[in-house]
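Me: I would like a close look at a single part of this model, worked through slowly and in connected prose. Please keep to what the coordinates and the record support.

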Amino acid sequence: MEGSEKIETERVFGLPPPLSLTVGIAINGKTKSKYVVKWALEKFIQEEKVLFKLLHVRPKITTVPTAMGNLIPISQVREDVAAAYKKEMEWQTNQLLLPYKNICTQTKVQVDVIMIESDDVANAIAEEVAKCTIKKLVIGASSCGMFTRKLKGNDLSSRISTCTPKFCTVYAISKGKLKSIRPSDLETNGSTRDDSSVTSSTNSSSSQTLSSQTDAASVSSYSQFHSPSLPMQRFQALSCINHGLFHSTTNSIETNHSRHQSLDVDVQAISTINQGLLHSRTNSVETINSRCQSLDIEEGNYVASSWPSTSEIGHPISQSSSCKSLPTDYQSWVSDQASTSDMLTECSSSDSQQANINFELEKLRIELRHVRGIYAMAQNEAIDASRKLNDLSNRRFEEATKLKEIHCREEKVKELARQEKERSKSATKEAEYTRTCAEREASQRQEAELKAMRDAKEKERLQNALVGPVQQYQKFTWEEIVSATSSFCNDFKIGMGAYGTVYKCSLHHTTAAVKVLHSKDNKNSKQFQQELEILSKIHHPHLLILLGACYDHGCLVYEYMENGSLEDRLLRVNNTPPIPWFERYRIAWEVASALVFLHSSKPKPIIHRDMKPANILLDRNFVSKIGDVGLSTMLNTDASSATSMYKDTALVGTLCYIDPEYQRSGLVSPKSDVYAFGMVILQLLTAKPAKALTHIMETAIDDDRLLEVLDSEAGNWPLEETKELALLGLSCAELRRGDRPDLKDEVLPALERLKEIADKARDTISCIHPTPPNHFICPILKDVMMDPCVAADGYTYDRKAIEKWLEENDKSPMTNLPLPNKNLLPNYTLLSAIVEWKSNKQ
């Protein structure tokens, strides 16, 4: 408001407006600082070209804290640590001052933030005020409560006011209101000069001049924080003039007594003028006081920005008390003037005194006109303040109405958002429940379909094997055998036994295995005749299929088993992957079913006599088939015999798998195959050699250490079922033939129950991690093919893999034979199957 008063005054008297105003706001970062900033913005926001400077003083950094809470002098730490700590403190200070800067930015005013590092807050702010020529300084003042009291001049606001240069006006704010003000020298000197000019114009004595100066000095010292208003200053100046006039008139009375009557008339005129002036000033003061009180009641904060006097901004109560004290002082002065008039009535004055009186009257008239002008200015400012207050009240009412509407709309939007969120949550839960049910139903349906498909295939296979027509073997020529094996090249050799060598070949576009016996008289060999007779007459899903034979040279052609023998897979020859435990359960059941079929053959039972893992072959899907039945024998049935059938024969077979009673007596029976089958079961569980395996298993079961001897690479064995299978294998491998269980009535049902458990485990695992079929696997990449192509050797490969192979080789990756060409034909049928499998997998 002080700036507005100055601009209004300059406009009235024709003075140029100031170029700019710099307002400093001292903040300490506490909560009360926001009241200081808001007051300063409301106070000086109407000024044109105002620059606000936020002043913040922080202590000098002399120590650095440690992790233990200790403080180390900054000179004793490394430079990088000290620099980092200083940078951190600067960042914290910026974050502390950011809310106040945002307040100024939202008000759309120009603001600068100045951080000062000093231990003396008052001197630091004073230096910054002098440096930046800050004309207005707003500081916070501590509020005095009921139980707290501070000595004047000891608090920080008083010290800042004392140290601040005199050209700057200091405003002390407490709780958002002006508590005190220290005016600048310009304001104080202006009022002092007016008083001095009025005082110097009187023709008083030196003692009277000294008294006037003393009064002006007292007024100046009083206005440090409570500067009187402009009408009050004019009233004091007029009082000094009248006092001077009183003293000069008294001196004249002592020398002149002859002009009493005329001077009495003049004195009465002076008294009348003074009384009129007193009444006019008293009324103006009372009017201004009433306006101050009304404005203070209606809008406390706006009084500070609209009242022209500096001292009356923050203390409307002190204004009222000061204004009310004026009539009392002036009445005492009137009484003095009345006594002076009485004295003048009794005395006479000279002509020179009459001239002095006329001069003084002229001065009083001029002063009266000046006071009236000042009163008119004050009245106009009061009217403007009232109009602005009304405008602000209307604006506040409109903003409150808009804010209320915004709050109502916000509540409605929040309610809609909450309802929408609840609906979204319920929909999400319902969708999740539906998806879970669908997945569960799909899993159950898939499991049921897989089981039905597997059962149907198994039933069809068994029916075809049991009731289907007997298939005779195909006869091959020696030339066909030699051509298919490339003259029995070692690259095609896949195994060698005691009675012959096995080669891999391709006959009539079918991959097969050819077994060539070692005996010179091959066609008359007993093993050849025995195997050809048995395999050509009987067929079972788990007996190796005889495709044909070359009778002239003693060659047998079997179906090719991709995964080799069970022994190689258990011992993981060539680093082949291990067989899972559920597949081992199934293999045990398949071998037992094949043995039961051999033992139940009509008209003569067949005993294998060489049952071991090396004679159990596995195809691409790990389906087991018994081979090498060349040592098998047929027993003659005797209906009158109530015991098992025996036959004297020469000792044949493999050690560790031969029946101990057969070794001792030379008598063979179906229980001999049961003993060998028990050893096979123990090897399926442990993947260990057969030597002393029964003792190892018995000791492990007795000591409750079964898991230690089991093959850990087969997966997580079910302990109870595995223990049951181990006990079954030990019972089959009993030394006495009579202690062994019956294969058909006891062993096979137990294995069938364990197979069902294994099938459920396999289906569960296959649903989670389905294994791709072997014909989907590229022989080179050992992974599912992306673009299957058929090469010249008849095998299917992944296109990228075979193209890379053909860049470096001219032979087949499978047969190791030279390729007639490097043409590749896409296998669309296999590609379609792979795509369908991947889609079902997802």
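Which residue does UniProt give as the place of the feature "binding site", and what surrounds that residue in the model?

Reply: The structure shown is a predicted model, and the residue in question is K515, where UniProt, in an unreviewed entry, places the feature "binding site"; that annotation may be inferred rather than shown by experiment.

In the model, K515 is found in strand β12, which covers residues 510-517. With a relative accessible area of 10%, K515 is buried, because the limit for that class is under 20%. Leaving aside residues up to four places away in sequence, K515 touches T501, V502, E531, G554, C555, L556, Y558 and D628. Several of these names lead on to a neighbouring element, since strand β14 is made up of residues 555-559 and the contacts of K515 include C555, L556 and Y558.

Strand β14 is joined to strand β13 by four bridges, and the two strands run antiparallel. Within that pairing, Y558, which K515 touches, is the bridge partner of L546. The hairpin that β13 and β14 form has four residues between the strands, and there G554 takes a positive phi near 65°; G554 is also among the residues in contact with K515.

Strand β13 itself, residues 546-550, has four of its five residues buried, so it is largely enclosed by the rest of the structure. Besides its antiparallel pairing with β14, β13 pairs in the parallel sense with strand β9, residues 474-475, over two bridges. In that second pairing, Q474 stands opposite G548 of β13.

One further point concerns C555, which is among the contacts of K515. A search of the whole structure finds zero disulfides. C505, accordingly, is in no disulfide, and the cysteine sulfur nearest to its own, that of C555, is 9.8 Å away, whereas a disulfide would need the two sulfur atoms within 2.5 Å. C505 is nevertheless buried, with a relative accessible area of 5%.

Taken together, the picture is of a buried lysine in strand β12, with contacts that include G554 and Y558, the former in the hairpin of β13 and β14 and the latter bridged to L546.

Notes
Residues numbered from 1 in each chain as written. Predicted model: local features only at pLDDT ≥ 70, side-chain atom pairs only at ≥ 80, totals over all residues. Heavy atoms only, no water. Buried < 20%, exposed > 50% of the residue type's maximum accessible area, 1.4 Å probe, protein only. Pairing = 2+ DSSP bridges. Contact = heavy atoms within 4.5 Å.
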